[in-house]
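Me: I have a structure open and want to talk it through. Can you keep the answers short?

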Amino acid sequence: MTMTRLGSIEAGGTKFVLAVADENFKILASERIPTTTPAESLGACIDFFNANPVEALGIGSFGPIGIRQGAEDYGHVLKTPKPGWEGADIVGTLTEALHVPIAFTTDVNASAYGEYSVGAGKDAHSLVYFTIGTGIGGGAIQDGHFIGGRAHAEMGHTVVLPHPDDHFEGVCPFHGNRCFEGMAAGPSIEARTGQPGETLSRDEPVFDYISYYAAQLAYNTYLNLAPEKIVFGGSVLSEAELPKVRHYFEQLNQGYVDPGDLNDLIVLSGVPNNGSATVGDFAMAAALLA
């Protein structure tokens, strides 16, 4: 019996993580390569998958990217500060070289699909996933399909209401203290305190602010989409903050809607070792073969 081999590319701004798995998502081979130029990085991807052939490939990429199939910019990196990458045709280059079907979406959408497939949302019909790390992004899934239109969502840059005691000006170069990424992403912690978040006690006031902003993300999301699961990943939020997030959610709600048990609604990633994007890529690749 022939084993199905699925491919994954986590295309990040500093590194690409390449992997091959079987139909049960057990990893058979993997490699990390630096994100340099499109020619070098995509060439290294081609070399890896020529040496480790797959039947289908899932890609979760840094953005902004063109994700609307049939559009002229589908599969391309759009306007980006990453030198040399604007206009890079990721899907076209890899399709021409590897001759396999490719699923292409944002890195955070790939993570959402991983959580939906085997992680914290594996028993749910609808899910929204947020990563809070160096930046903030979100992806939404309903019955196996990403929710989106002419472009992918930019949930991290939606409008935030600053905490009454938080007078920080924000780190977002576009929105300052008026978007979630400016006020709650990892760099905002170091800008406030002078220390990376991982070196701080979870009792520091900054984590109360972060919890308040995560609660706003969750509440706005519930009112807009009413998902069964709201999953947080990334390096900033921990189990220590979840009770605060749920508490602030209740304060914001004021009994208006009934979201059910908040312990079941608002959860952390269910995929170990921040692996939801890779798992999501495998699951998207498998769906192409179904």
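Me: Which residue takes a positive phi in the hairpin of β7 and β8?
Reply: D143 does, with phi near 50°. That hairpin has 2 residues between the strands. Helices (H or I, at least four residues) and strands (E, at least two) are DSSP runs, numbered from the N terminus.

Me: Before we go on, what kind of model is this?
Reply: It is a predicted model: local features need pLDDT of at least 70, side-chain atom pairs count only at pLDDT 80 or more, and totals for chains, interfaces and linings use all residues. Residues are numbered from 1 along each chain as its sequence is written, and side-chain values use heavy atoms, with hydrogens and water left out.

Me: Back to the hairpin. How many bridges do β7 and β8 have, and in what sense do they pair?
Reply: There are 2 bridges, in the antiparallel sense. Strands pair if DSSP finds at least two bridges between them. Q142 has H145 in β8 as its bridge partner. I141 stands opposite F146 in β8.

Me: And what is the bridge partner of L127 in β7?
Reply: I141. So I141 faces L127 and also F146. β6 and β7 pair in the antiparallel sense over 7 bridges. A hairpin of 3 residues joins them.

Me: What is the strand order in the open sheet?
Reply: The order is β8-β7-β6-β9-β10, 5 strands with mixed pairing. β8 (145–146) and β10 (266–268) are the edge strands, and each pairs on one side only.

Me: Why is β7 largely enclosed?
Reply: Because 6 of its 7 residues are buried, β7 is largely enclosed by the rest of the structure. Buried means under 20% relative accessible area, exposed over 50%, partly exposed in between (1.4 Å probe, protein chains only).

Me: Which helix lies across β7?
Reply: Helix α3 (residues 107–118). α3 also lies across β6, β8 and β9, and runs at about 45° to β7. Axes are lines fitted to C-alpha atoms, for helices over the stretch in contact, and angles run from 0 to 180 degrees between N-to-C directions. Contact means heavy atoms within 4.5 Å.

Me: New topic, helix packing. At what angle do α1 and α2 pack?
Reply: About 35°, with the axes 10 Å apart. α1 covers residues 38–51 and α2 covers 90–98.

Me: Which residues meet there?
Reply: From α1, L42, C45, I46, F49 and N50. From α2, I90, T93, L94, A97 and L98. By class that is 8 nonpolar, 2 polar and no charged residues. Ala, Val, Leu, Ile, Met, Phe, Trp, Tyr, Cys and Pro count as nonpolar, Asp, Glu, Lys and Arg as charged, and the others, Gly among them, as polar.

Me: Now backbone oddities. Where is the cis peptide bond?
Reply: From G63 to P64, with omega near 0°. P64 is in the loop between β4 (56–61) and α2. Most peptide bonds are trans, and most residues other than glycine have a negative phi.

Me: What about F25, what is its phi?
Reply: Near 65°, so a positive value in a residue other than glycine. F25 sits in the loop between β2 and β3. F25 is partly exposed, at 21% relative accessible area.

Me: And N274, buried or exposed?
Reply: Exposed, at 62% relative accessibility. N274 has a positive phi too, near 55°. N274 is in the loop between β10 and α9.

Me: Last one. Where does E204 lie?
Reply: In the loop between α5 and α6. E204 is partly exposed, with a relative accessible area of 33%. The C-alpha atoms of E204 and T193 are separated by 9.4 Å, and the two are 11 residues apart along the chain.
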